[in-house]
Amino acid sequence: MTVSTEAPAPSASPPRRRPGVNFHVLGPLLALILLVVLGALLNDQFLSSGNISNVLARSSFIGIIAVGATFVITTGGIDLSVGSMAAFIAGSMILAINYLLAGMGAGWPLVLVGMAVGLGLGLISGAVNGLLTTRGRIEAFIVTLGTMGIFRALVTWLANGGTISLNFEVGDIYRPVYYGGVAGITWPIIVFALVAIIGEVVMRRTAFGRHCSAIGSNEQVARYSAIHVDNVRLLTYVLQGALVGVATLLYVPRLGSASSATGVLWELEAIAAVIIGGTTLKGGYGRVWGTVIGVVILSLIDNILNLTDVVSPYLNGAFQGVIIILAVLLQRSRKGER
Amino acid sequence: MTGAPALLASERVSRSFGPVQVLFDVDFDLVPGEVHALIGENGAGKSTLMKILSGAQPPSAGTLRLDGGPMRFSSTEEAEDRGIVLIHQELNLADQLTVEANIFLGRELKRGPFLDVRAMRREAHRLLAELETGIDPASRVSDLSVSDKQMVEIAKALSRRARVLIMDEPTAVLTARESQSLFRQIARLRAQGVAILYTSHKLDEVKAISDRVTVLRDGRIVQTTPTAAIDEDGMARAMVGRDLNDLFPDKAPSPEAEIVLEVRGLDVPGHVRGASFTLRRGEVLGLAGLVGSGRTELMEGLMGLRPSTGWIRLRGQTVRIHSPGQAAKLGLAYLTEDRKGRGLLLDKTMRPNLTLLGLDRFSNIFINKRAEERALDDAIARFDIRARRRDVRVGNLSGGNQQKLLLAKTMLVEPEIVIVDEPTRGIDIGTKQQIYGFIEKLAAEGKSVIVISSEMAEVIGLCHRVLVMRSGRITGELTGDAIAEHQIVRHAMGLEGSEIHDRQH
Ligand SMILES: Nc1ncnc2c1ncn2[C@@H]1O[C@H](COP(=O)(O)OP(=O)(O)OP(=O)(O)O)[C@@H](O)[C@H]1O
Ligand SMILES: [Mg+2]
């Protein structure tokens, strides 16, 4: 034969990636900066540390959940049940704590047991969603639409249509988990930051993250590439459940109660944050840092509308809707590239 | 016929993608009633030129002329209205719709405000019958085989009553018989004065059916000649720019080494029954047979990609293979025939695609991106992958370069047994030679290779031993000089042989 495979073709070393600013990648970040500038111009209290930590603390529940949603969506799935799941976990946690109070007495051990119950229930709920979609071969949308209704009904039933309240004494012990913190930064913010950083690293730098985006991009290719598609899928739902558990155990001390109104529409907020952050809804591409920015953008809109009276805060939802649609428009124009 | 005025022509047409120019000042013309073949290496720019001629993509510079007047299409619909129809290299069908709905997509026949379903069915039926296929117009496209889908594409194009019909590798996925019926349609259209532009990597086909040949190399036209004035070797030389002596490497003598794989009574429900065969170290084993005879399914069953039962012995040990992951650990790798649907992530770049199968080699806790980049450098050099940008989306690579990337991906896990399914589909002749070289080298290194192929020459030129399959069974085994076209065909058609290894319990 006359071909030498060693001889490098003229094009064997094409130019490496060109440096330069990519506005589609940085879009969410620019939007965030714009909002901060706008907020600062409209209200001088906006940049106060009190307001900023308020915004971040409120972002943290949805944020922690949205990090999980980023993995689910990147893998080509969806989890609509997270809001109801949070309510169900909150209700069950409080009931468990109240029930064990007589035996264990009010104290940190009891709170820790309560937290463990929350985390455990999250894992189990996530596993149920995951097993139904992978082993049961049911569309994720349908499975989680079903469990969304189930969790919501369960918490309503547990609360007997009313509210489940945490015992006062325990509530006092538990309170610092929401209000306390280190160096002026409250625990929810710290946990959110940790979850986000770990999530980003896992998504970008581990085989699991790579597998998630491969499956979301083309499940068949992933299967033929010896990826355990079902296991990875299952894991994303379990991770999502666990993170709902974490968010809930930070949330419970805030109000000290749970009812059928707890966590309503959280799933949509989480999904919206993921999409604003640049993750594609049909899967295949996800970035956790984008999700974090998405969450913060959503709560900033809320915050700015509340701080200023230029526009009615009742229009909050409309602004968020506009942002979501803009984000998707940006995503689409990214497609033609390269 | 070359004296006739051009129906469709390009003048100094160029095309760039970002900073990369892929077509340079192309002057090209098509006259009525000719079959014009466009040939060139993978990535030469054939598909790009065809897309420009049919309005699917605008040129970056230059003009197109239709009937002598300059024209500018803003869409393919507009081009179709002017009688120019393109059959894309990639299939472009709506998978969830029926065959007839696809054929009339965007051109539905109507009666008043309603769809005239009956007329469409009748017409679809007629078109498919003309192509001598047995496809039911009411079946869903997702249920069809790749070659049937291609026939639907062709029927769809024929239904548009084109003046200019442009076909991008229509025969790459067709069986010999289907290709023949396509050629009869081409002859009929040509007699009606339709101008046909056509590309294929099968040079014998080009020689047989075209009137003129244009050769494209690296985005430039190197020559246009009457087909009568050039032979296949000449075409290959013009495409590649150098002499291509032997397409196939010298066959090593049949190895006497130990048996590395033994399969007994493998059943893949619905596709394969009682397949038994052995594979030696250093052997190249061919798997021939008609499309649909169960060759792919047999190997997918073996790889744990489909449910299967049977007895498998690997290097002396009985094993059960449930998943492709397990197969990979056992040193088996399978290169799929469906590189776009199952082989590569088209919307990702080369690096994640290359390492997807062997990712555990690049990660402990974290993926080592630098090692990945190095592996990509190696793969680009070893498999001669020609991408003009390193971060190009794999879907934008030319077909041949996709195939080389897929090969690199499969070889990255250093398998002992490699199963390659239609390894040279849609691949130019120079690259084919390279791929045959790789296969030969693998065998020489002591790996074992199973080659599934519908290309007779490939099976004959490459394999030490050939198994022939027919309707889900292995019906013949040929070795040495018995590996010849007529023998393989006789077995594949069922004129000779029976199940040589029947089911064993
Ligand atoms: N959308 C795109 N963006 C960037 N580069 C592209 C795009 N489409 C094609 N290319 C590049 O243009 C070149 C020519 O591609 P083209 O598909 O025309 O080749 P081809 O001759 O049809 O090859 P093959 O025989 O493999 O089909 C290739 O290098 C390819 O990577
Ligand atoms: Mg092409």
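Okay, let's start with ligand 1: in chain B, H1 and helix H14 (399–411) each supply at least two residues of the shell around it. Helices here are DSSP runs of H or I with at least four residues, strands are E runs of at least two, and both are numbered from the N terminus.

Before I go on, some housekeeping. This is a predicted model, where local features need pLDDT of at least 70 and side-chain atom pairs count only at pLDDT 80 or more, while totals for chains, interfaces and linings use all residues. Residues are numbered from 1 along each chain as its sequence is written, chains are lettered from A and ligands numbered from 1 in the order in which they are written, and side-chain values use heavy atoms, with hydrogens and water left out.

Back to the shell. Which element gives the most to the shell around ligand 1? That's H1(B), with three residues. There are 20 residues around ligand 1, and the ones that come nearest are Gly43(B), Lys46(B), Ser47(B), Thr48(B) and Asn396(B); a residue is near if one of its heavy atoms lies within 4 Å. By class, the shell has four nonpolar, 11 polar and five charged residues. For those classes, Ala, Val, Leu, Ile, Met, Phe, Trp, Tyr, Cys and Pro count as nonpolar, Asp, Glu, Lys and Arg as charged, and the others, Gly among them, as polar.

So where does ligand 1 sit? It lies between chains A and B. Within chain B, domain 1 (8–240) and domain 3 (340–414) both give residues to the shell, so ligand 1 lies between those domains too. The domain bounds come from an automatic or database domain assignment.

Now the polar contacts, meaning pairs of N or O atoms within 3.5 Å; within protein, one must be able to donate a hydrogen and the other to accept it, and residues adjacent in sequence count only if both atoms are side-chain atoms. A polar side-chain atom of Lys46(B) is 2.8 Å from an oxygen atom of ligand 1, and one of His201(B) is 2.9 Å from an oxygen atom of the ligand. Ala44(B) uses a polar backbone atom, 3.2 Å from a ligand oxygen. Taken alone, ligand 1 exposes 640 Å², and the protein buries 89% of that; these areas come from the Shrake-Rupley method with a 1.4 Å probe, and for residues only the protein chains shown count as cover.

Next, the magnesium ion, ligand 2. Which protein donors does it have? They are Ser47(B), through OG, and Gln89(B), through OE1, lying 2.0 to 2.1 Å from the ion. Ser47(B) lies in helix H1 (residues 46–53) and Gln89(B) in the loop between strand S6 (84–87) and helix H3 (99–103), so the pair ties together parts that are 42 residues apart in sequence. Donors are N, O and S atoms within 2.8 Å of the metal (3.2 Å for Na, K and Ca), and water is not among the atoms, so sites may look incomplete.

Are those two donors buried or exposed? Ser47(B) is buried at 17% relative accessibility, and Gln89(B) is partly exposed at 24%. Buried means under 20% relative accessible area, exposed over 50%, and partly exposed in between, with a 1.4 Å probe and protein chains only.

One last stop: Asn42(B), in the loop between strand S3 (35–40) and H1 of chain B. Asn42(B) is buried at 12%, and a polar atom of its side chain lies 3.2 Å from the backbone oxygen of Gly426(B).
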